[in-house]
Structure formats: C-alpha cells, structure tokens
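Hi,

Here is the structure I promised to pass on. Have a look at it first, then read my notes below with the picture open beside you.

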Amino acid sequence: MKTKYLILSFVLMAGVLAVTLLPQAAMVLRDKGKVMIVDRTGEAWDVTQAASIGFDPEGFQYGIGKDAFKTLGSDDLSNKEPFAGDSDRVLGVTDGDKAHAYFISKLKYHEIANTELGNQPIAAGY
Amino acid sequence: MDLAVVYSRELDGEALTLTPSGWTYKNTFVLYDKASGSLWYPVKKGLKSIQGRHFGKILPTLPSTDTKWGRWRMKHPDALLLR
C-alpha cells in the first residue's frame with residue numbers, strides 16, 4: 001500500500017516538474033494587422049514582419065525575457081596570466097593582426113559576447 | 001545557433017549589440033539589438049534581421065577556428081582570451 005503511494009507521488013512530482021520546464025508557446029495577440037507575442041515578463045514583441053516571411057508566431061518559445069542572460073563584452077577579454085589549459089576547447093578568431101579566443105564552454109552558457117577585434121565589432125556565440 | 005560562430009555586428013557604419021531576446025524559434029536563440037529594436041535569426045550566410053528597422057539585412061559570419069587554447073596561442077601569442 002505504502003509503495004503504491006510513493007510511486008504515485010513520484011509520478012505526480014515528475015509530471016509537475018516536466019510541465020514547468022516545458023517551453024511554453026508564446027501568447028499571441030493579433031490586432032489591426034499586427035502580430036505580437038508576449039513573454040513571461042509581460043513584454044510584448046512585435047513579430048508582424050517575421051510572420052510575413054514565414055515565422056509562425058506560435059513557434060516562438062520560452063520567452064524568458066531579454067534580461068535573462070548576462071552577455072559578455074570587451075571588459076571580459078584579457079591577456080593576463082594563463083587561466084586556461086592548453087587543451088581547453090576555444091573558438092579562435094583573427095583579422096590577420098589581432099586575435100581572440102573564446103572558451104566554447106563559456107559561450108554555451110552566456111550565449112553571446114560583443115567585442116571589437118581590432119576595429120571590427122564582432123559577436124561570438126554558440 | 002548550434003555551433004560556435006562569430007558574426008560581424010557592424011551595419012551601415014553602426015555597431016549593433018546582440019543579446020538573447022529570451023525567445024527561441026525551432027530550438028535556436030532569437031537575438032535582439034536594443035538600439036534598433038531588431039530581431040535576428042541565424043541563416044546560412046550569417047544573422048538575418050526578421051523584425052525591426054533592419055528587416056531583411058544580414059550580418060555576415062566571419063571565419064573562426066574551433067581549436068584548443070594551446071594550439072591557438074602558439075599561432076597568436078598576443079591573443080586575448082575571454083575570461
């Protein structure tokens with residue numbers, strides 16, 4: 001009897017967890033020819049043009065808000081003492097003169113770094 | 001983005017700042033430039049603006065190398081590393 005209840009509560013908990021982690025489809029608003037999607041912070045995003053080139057408004061997922069991720073910039077670039085191992089996987093980029101290296105693992109977590117390679121503004125991401 | 005990639009973020013003489021919008025589309029991050037209010041989505045050549053002032057424009061991919069730090073700094077001893 002006890003085992004049954006344990007299994008049931010486990011299944012219920014797993015279910016609740018699964019639902020909260022699911023990518024929610026966007027809340028879509030259509031008004032006067034405009035299409036908007038609303039994210040979880042309550043911000044509305046105009047996707048009228050995107051829809052016109054084939055992006056399905058219902059296909060936008062998560063919508064966790066534009067401040068959900070910390071992005072990296074030039075202040076995060078350094079040539080100080082090595083804090084990387086020789087076998088660490090990096091994304092290297094050069095303009096023939098200047099060179100940068102980005103930890104692949106870091107890009108995966110932060111998603112985007114906005115920096116300048118010499119005079120060229122670049123964005124590194126995963 | 002499914003692979004590590006570098007884009008130029010210069011457009012018509014201005015430098016955009018690309019951040020995640022918080023949205024994904026087909027399991028891919030949709031990027032956002034606050035100053036122009038534009039949304040960007042990866043395509044073959046780079047990032048394409050799918051919404052906003054730069055609608056239809058493309059930020060091209062730049063060549064980059066997926067490698068190991070030891071190998072890269074041997075070629076480029078003055079390389080800056082993102083920490």
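**Starting with a hairpin in chain B**

β6(B) and β7(B) make a hairpin, with 3 residues between the two strands. Before you go further, keep in mind that this is a predicted model.

The two strands of that hairpin run antiparallel: 4 bridges join β6(B), residues 38-42, to β7(B). If you want one spot to zoom in on, take Tyr41(B), whose bridge partner in β7(B) is Lys48(B).

On to the next neighbour. β7(B) also pairs with β8(B), again in the antiparallel sense, over 3 bridges. Here Leu47(B) has Leu59(B) in β8(B) as its bridge partner. These two strands form a hairpin as well, with 6 residues between them, and in that hairpin Gly52(B) takes a positive phi near 105°.

Is β7(B) largely enclosed or largely open? Of its 6 residues (46-51), 5 are buried, so the strand is largely enclosed by the rest of the structure.

Then comes β1(B). This strand, residues 5-8, pairs with β8(B), residues 58-62, in the antiparallel sense over 2 bridges. Tyr7(B) is the residue to click on, with Thr61(B) as its bridge partner in β8(B).

**The whole sheet**

Now zoom out. These strands belong to an open sheet of 10 strands with mixed pairing, in the order β4(A)-β4(B)-β5(B)-β6(B)-β7(B)-β8(B)-β1(B)-β10(A)-β9(A)-β5(A). Which strands sit at the edges? They are β4 and β5 (72-73) of chain A, and each of them pairs on one side only.

A bit of background for looking at the strands: in a regular strand, the side chains alternate between the two faces of the sheet.

**Rings that meet across the chains**

There are 8 aromatic pairs over all chains. One of them is Phe55(A) with Tyr25(B), a tilted pair with 4.8 Å from centre to centre and 55° between the planes. Phe55(A) is in the loop between α2 (48-52) and β4 of chain A, while Tyr25(B) is in strand β4 of chain B, so this pair joins two chains. Both partners are tucked away from the surface: Phe55(A) is buried, with a relative accessible area of 12%, and Tyr25(B) is buried too, at 7%.

Another pair is Phe60(A) with Trp23(B). Why is this one called edge-to-face? The ring centres are 6.4 Å apart and the planes stand at 80°, so the pair is edge-to-face; the cut-off is a plane angle over 60 degrees. Phe60(A) lies in strand β4 of chain A and Trp23(B) in strand β4 of chain B, so this pair joins two chains as well. Phe60(A) counts as buried, at 1% relative accessibility, and Trp23(B) is buried with a relative accessible area of 2%.

Ring pairs link these four residues and Tyr41(B) into a cluster: Phe55(A), Phe60(A), Trp23(B), Tyr25(B) and Tyr41(B). You have met Tyr41(B) already, as the bridge partner of Lys48(B).

**Where chain A meets chain B**

The contact takes 64 residues from chain A and 50 residues from chain B. The area buried between the two chains is about 5200 Å², and carbon and sulfur atoms give 63% of that. Which residues of chain A lose the most area to chain B? They are Trp45(A), Gln49(A) and Tyr126(A), together 12% of what that side buries.

There is a polar side to the interface too. The rule finds 31 residue pairs in polar contact across it, and the count of salt bridges between the chains is 3. One salt bridge you can look up is between the side chains of Asp86(A) and Arg73(B), at 2.8 Å from N to O.

**Two backbone oddities**

Two more residues to check, neither of them glycine. Tyr62(A) has a positive phi, near 70°. This residue lies in strand β4 of chain A, residues 60-62, and at 31% relative accessibility Tyr62(A) counts as partly exposed.

Asn27(B) also has a positive phi, near 60°, and is found in the loop between β4 (18-25) and β5 (28-33) of chain B. Is Asn27(B) buried or exposed? At 64% relative accessibility, Asn27(B) counts as exposed.

Cheers

Note on methods. Residues are numbered from 1 along each chain as its sequence is written. Chains are lettered from A and ligands numbered from 1 in the order in which they are written. Side-chain values use heavy atoms; hydrogens and water are left out. Buried means under 20% relative accessible area, exposed over 50%, partly exposed in between (1.4 Å probe, protein chains only). Rings of Phe, Tyr and Trp (its six-membered ring) pair if their centres lie within 6.5 Å; planes under 30 degrees apart count as stacked, over 60 as edge-to-face and the rest as tilted. Two strands pair if DSSP finds at least two bridges between them. Contact means heavy atoms within 4.5 Å. Buried area is the accessible area (1.4 Å probe) that two parts lose on being put together, summed over both. A salt bridge is a side-chain nitrogen of Lys or Arg within 4 Å of a carboxyl oxygen of Asp or Glu. A polar contact is a pair of N or O atoms within 3.5 Å; within protein, one must be able to donate a hydrogen and the other to accept it, and residues adjacent in sequence count only if both atoms are side-chain atoms.
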